[in-house]
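Biologist: I am still learning to read models of this kind, and I would be grateful if you could take one part and go through it slowly with me. Once the picture is in front of us, I will say which part I mean.

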Amino acid sequence: MTTEENSPVDLSSSFKAYDVRGIVGETITAASVKAVGAAFVEVLGLAGQNVLVGGDMRPSSPEFSQAFAEGAAGRGANVQLLGLISTDELYFASGVLNAAGVVFTASHNPAEYNGMKMTKPGAVPLSSETGLTEIRDLAQQYLSDGLPADADAVGTIGTADVLKDYSEYLRKLVDLAGSRPLKIVVDAGNGMAGMTTPAVLGDTLLPGLPFEIIPLYFELDGTFPNHPANPLEPANLLDLQAAVVAHGADIGLAFDGDADRCFVIDELGAPLSPSAVTALVARREIARVKALGEEHPTVIHNLITSRAVPELIEHDGGRAVRTRVGHSFIKATMAAEGAVFGGEHSAHYYFRDFFNADTGMLAAMHVLAALGEQDGPLSELGREYEPYVSSGEINSQLADVPSAVARVRAAYTRDDVVVDELDGITFTAKDGTWWFNLRASNTEPFLRLNAEAVDAVTMADIRDAVLELVRR
């Protein structure tokens, strides 16, 4: 055994509610990954079946992919190493091939992190409630006691490339060939969109589209030399906003590190909110399936999205279903409700035609299609989807979260306010002028505030009053 194997990692520090994220060499190591690969196969009963393994551009991803493959093959699975992939490429491959899999990524986390997003066959998500905890516990046992050597048969390890098939699949879902010419700035943040954008929207693998793509930070580099690959933070959008204006572009797209989220910038350099993107895509998907004879198609939205989202869904003849935050909840609700589409305030977008999984690229293609089929600018198109004023997500790092929530509850438990606890706690004015939600993060030591109102003054008043109570 190596020194690393003699000092097993405590997996409870890296296993989260929906995925695994840790610091390379400390809370996630090659030895721990190999143990997780073995446990993954054992818990899900995957001996004799195919298991897909890929990773993003982080320096540790190739080593971790190989370690997971060895652990999985050691328990009898037949592993296909997919090499460099985005997270939604894994979901595509898992759905098309009906195989379980893992992608090594830490999404938007800093360079010292890596992690795992795992899926059952058919891109069915794994969470702490659906097998992730059992995998963690068995892997911890393997780390302590050693990997068993009693598999009926050791599996094989081969390679495969799914990028072209993934690109072709997305192009069939949204036909962009008839779009008017568009100038598009794309900020890949040195993440996987630097590989998937030329493949899907460019001409590296498929015939060209009527787009001029201006690349920002397409070089795959998991040390993120230009800015963090987290477009949820406004500071990380500044380069894209400036480039859109400087180039006179029609639209800007920003992806996170593993390219499963996409943020949109209009021609003026202003962000189009994820809620507006959710409403825009929902409108397109509702119209598409209604034309095919589906009555009252269901669209999922989490409770943080703008009130405009369910209003537009209902207006267009759809059925809006509100759910908790988090991809495992959204995907489970998508499946249970037969929903055609789902959107989150964090810019995760889920599609029935994409195995109920999230894909930033497919959402971007819908926005491009909507923009390309009419003559007006994106700022004009986006206005109809943003009738309210939002605070955005505001984080407060607190020593005592329950006390902060109790102070807010005491102040806003009154006759003119409706309170619900679907996810965290949401307060809604009965006259419809405002709402806000407080929710503890599942992955970070924060209490998150999201507020929305009918105008900027009301929103600022609610936001500031709640933050004063929270941070007292």
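Biologist: How much space lies in the second largest pocket? Please describe that pocket closely, and then lead me from there to other parts of the chain.

Modeller: Before anything else, please keep in mind that this is a predicted model, so every value I give you is computed from predicted atoms. The second largest pocket holds about 230 Å³ of space. If you want to find the pocket in the picture, look for the residues that line it, which are His301, Leu303, Thr305, Ser306, Arg307, Pro310, Glu311, Arg322, Asp420, Thr426, Thr428 and Trp435. Two elements, the helix α10 (308-315) and the strand β21 (425-429), each give at least two residues to this lining. When the lining residues are sorted by class, three are nonpolar, five are polar and four are charged.

A pocket is open, and it is useful to set beside it a space from which a probe cannot get out, which is called a cavity. Rolling a probe the size of a water molecule over the atoms shows where empty space is left. The structure holds one cavity of 30 Å³ or more, and the volume of the largest cavity is about 40 Å³. Around the largest cavity you will find Asp187, Ala188, Gly189, His227, Pro228, Ala229, Asn230, Pro231, Asn236, Ala254 and Phe255. Six of the residues in the lining of the largest cavity are nonpolar, four are polar and one is charged.

Charged residues also bring us to another feature that you can trace in the picture. Side chains of opposite charge can pair when their charged atoms come close. The structure holds 23 salt bridges, and I will go through three examples with care. In one of them, lysine 117 pairs with aspartate 258, and their closest N and O atoms are 2.8 Å apart. This pair joins distant parts of the chain, since lysine 117 is in strand β5 (residues 113-120) while aspartate 258 is in the loop between β10 (251-255) and β11 (262-265), 141 residues apart. Lysine 117 counts as buried because its relative accessible area is 7%, and aspartate 258 is buried as well, with a relative accessible area of 0%. Lys117 and Asp258 also belong, together with Asp260, to a network of salt bridges.

A second example sits within one helix, where the side chains of glutamate 285 and arginine 288 meet in a salt bridge at 2.8 Å, N to O. Both residues lie in helix α9 (residues 274-291), three residues apart, which is about one turn of the helix. An α-helix has 3.6 residues a turn, so residues three or four places apart point the same way. Glutamate 285 is buried, at a relative accessible area of 3%, whereas arginine 288 is partly exposed, at 28% relative accessibility.

In the third example, arginine 448 bridges to glutamate 393, and the closest N and O atoms are 3.9 Å apart. Here too the pair links distant parts of the chain, with arginine 448 in strand β23 (residues 446-453) and glutamate 393 in the loop between β18 (389-390) and β19 (394-397), 55 residues apart. Arginine 448 counts as buried because its relative accessibility is 9%, while glutamate 393, at 26%, is partly exposed.

Let us turn to the helices once more. Helix α11 (residues 327-337) has among its buried residues His327, Phe329, Ile330 and Met334, and the helix is followed by glycine 338, whose phi is positive, near 65°. In helix α12 (residues 360-372) lies leucine 368, which is buried, with a relative accessible area of 0%. Leaving aside neighbours within four places in sequence, leucine 368 is in contact with Leu176, Ser179, Leu182, Ile184, Leu201, Phe211, Ile251 and Leu253. Serine 179 is 189 residues away from leucine 368 along the chain, and yet their C-alpha atoms are separated by 8.1 Å.

Finally, consider a sheet. Five strands form an open sheet in the order β9-β8-β10-β11-β12, with mixed pairing. At its edges are β9 (211-216) and β12 (271-272), each of which pairs on one side only. The strands β11 and β12 pair in the antiparallel sense over two bridges, and isoleucine 265 has proline 271, in β12, as its bridge partner.

Notes
Residues are numbered from 1 along each chain as its sequence is written. This is a predicted model: local features need pLDDT of at least 70, side-chain atom pairs count only at pLDDT 80 or more; totals for chains, interfaces and linings use all residues. Side-chain values use heavy atoms; hydrogens and water are left out. On a 1 Å grid over the protein atoms alone, a cavity is a set of points where a 1.4 Å probe fits but cannot get out, and a pocket is an open set with protein on both sides within 12 Å along at least five of seven lines; lining residues have an atom within 4 Å of a point. Grid points are joined across faces, edges and corners, and a volume is the space filled by probe spheres set on the points. Helices (H or I, at least four residues) and strands (E, at least two) are DSSP runs, numbered from the N terminus. Ala, Val, Leu, Ile, Met, Phe, Trp, Tyr, Cys and Pro count as nonpolar, Asp, Glu, Lys and Arg as charged, and the others, Gly among them, as polar. A salt bridge is a side-chain nitrogen of Lys or Arg within 4 Å of a carboxyl oxygen of Asp or Glu. Buried means under 20% relative accessible area, exposed over 50%, partly exposed in between (1.4 Å probe, protein chains only). Contact means heavy atoms within 4.5 Å. Two strands pair if DSSP finds at least two bridges between them.
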